[in-house]
Amino acid sequence: MEQAELGFNIVEKLLALTLLGTEWVLWLLLALSVISIAIMLERAIFFSRIRLDYTRFTKRLNRLLADEDIDGAKKLCEESQSLESQMVLQGLNHAELGVVAMAGSMEGFRIGEKQKLDRGLVVLGTLGNNAPFIGLFGTVVGIIIAVNNLAKDIDGGFAVVMAGISEALVATAIGLLVAIPAVIAFNFFNRIVKRIMANSEAISRVVLTYFHEQQGVEKP
């Protein structure tokens, strides 16, 4: 009997919580959508500021290195705030210490800057994966409320249930509305990060190869 009463009390308490309504779920989704949009705008501005014409940059850098114009190469790197150019600048600033020091400084810079590139993306990925479930939870709660209303007003019949369910489905729709842009933005920005990291890896090898040849150091 104690277990039955305990189980009954738990159900009653949970039912009381669900009957609070779905409005709070909608407000939660609205707040998450604002966060998602803010991150998208911030990332878009950030990546536009560090954008680099990679082909043009590498051609100019190769020409300067071929002419042994290290100061000119440094000035070229200082013209851009991109990860690639700033990474090369780090390496050139350590050129006097040798190729190993250059490689270490550039790799360390790449690793540190990647954290800046990834900032906010985990939030977009999480929202994209979980916002539909939050909306679905709101829909389930709405259906529970609709059935409970039917139990209290049997004469209302089918109309009472359908009115509640139609309102409940709004939560699922809002959840999808939050998730879809977040997933698209996550994939888009993640692709930019991968391209930047690939470009930086390629250009670091170009620079190191040049200094290997200049210093007559055997490549590791």
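**Exercise 1. The second largest pocket**

Determine what volume the second largest pocket of this predicted model has, which residues line this pocket, and which elements give two or more residues to the lining.

*Solution.* Begin with the space itself: the volume of the second largest pocket is about 190 Å³. Next, list the lining, which is made up of Phe46, Arg49, Ile50, Gln81, Ser82, Leu83, Gln86, Phe109, Glu113, Lys116 and Leu117. Assigning these residues to elements shows that helix 2, helix 5 (83-93) and helix 6 (99-118) each give two or more of them, and that helix 6 has the largest share, with four residues. Finally, sort the lining by chemical class, which yields five nonpolar, three polar and three charged residues.

**Exercise 2. The largest pocket**

Find how much space lies in the largest pocket, which residues are closest to its centre, and which helix supplies the largest share of the lining.

*Solution.* The largest pocket holds about 240 Å³ of space. Its lining consists of 14 residues, among which Phe47, Arg51, Leu52, Ile192 and Arg195 are the closest to the centre. At least two lining residues come from helix 2 (23-49), and at least two from helix 8 (157-215); the largest share, six residues, belongs to helix 8. By class, the lining of the largest pocket contains nine nonpolar, two polar and three charged residues.

**Exercise 3. The two sides of helix 4**

Identify the buried residues of helix 4 (residues 70-78), explain why they can be said to line one face, and state what covers them.

*Solution.* First collect the buried positions of helix 4, namely Gly72, Ala73, Leu76 and Cys77. Then look down the axis of helix 4: these buried residues fall within an arc of 140 degrees, and therefore they line one face of the helix. On the face turned away from this buried side, helix 4 carries the exposed residues Asp71 and Lys75. As for the cover, helix 3 (54-66) and helix 5 are among what lies over the buried residues of helix 4.

**Exercise 4. Two buried residues in their settings**

For Ser80 and then for Ala146, decide whether the residue is buried or exposed, and give the element or loop and the contacts of each.

*Solution.* Ser80 is placed in the loop between helix 4 and helix 5. Its relative accessibility is 13%, and because buried means under 20%, Ser80 counts as buried. Leaving aside residues up to four places away in sequence, Ser80 touches Arg51, Leu52, Ser85 and Gln86. Of these contacts, Arg51 and Leu52 are also named among the residues closest to the centre of the largest pocket, while Gln86 belongs to the lining of the second largest pocket.

Ala146, by contrast in setting, is found in helix 7 (residues 121-152), and with a relative accessible area of 1% Ala146 is buried. Under the exclusion of residues up to four places away in sequence, Ala146 touches Val161, Gly164 and Ile165. A further distance concerns Ala168, which is 22 residues from Ala146 in sequence and lies 8.6 Å from Ala146 in space, taken from C-alpha to C-alpha.

**Exercise 5. The chain as a whole**

State how many helices and strands the protein chain has, and what percentage of its residues count as buried.

*Solution.* The protein chain has eight helices and zero strands, and the order of elements from the N terminus on is α-α-α-α-α-α-α-α. Of its 220 residues, 37% count as buried. The accessible surface of the protein chain comes to about 13,500 Å², and carbon and sulfur atoms account for 63% of this surface. Lastly, among contacts between residues at least 6 apart in sequence, 75% join residues at least 24 apart.

Terms used
Residues are numbered from 1 along each chain as its sequence is written. This is a predicted model: local features need pLDDT of at least 70, side-chain atom pairs count only at pLDDT 80 or more; totals for chains, interfaces and linings use all residues. Side-chain values use heavy atoms; hydrogens and water are left out. On a 1 Å grid over the protein atoms alone, a cavity is a set of points where a 1.4 Å probe fits but cannot get out, and a pocket is an open set with protein on both sides within 12 Å along at least five of seven lines; lining residues have an atom within 4 Å of a point. Grid points are joined across faces, edges and corners, and a volume is the space filled by probe spheres set on the points. Ala, Val, Leu, Ile, Met, Phe, Trp, Tyr, Cys and Pro count as nonpolar, Asp, Glu, Lys and Arg as charged, and the others, Gly among them, as polar. Buried means under 20% relative accessible area, exposed over 50%, partly exposed in between (1.4 Å probe, protein chains only). The arc is that of the directions from the helix axis to the C-beta atoms. Contact means heavy atoms within 4.5 Å. Accessible areas come from the Shrake-Rupley method with a 1.4 Å probe; for residues, only the protein chains shown count as cover.
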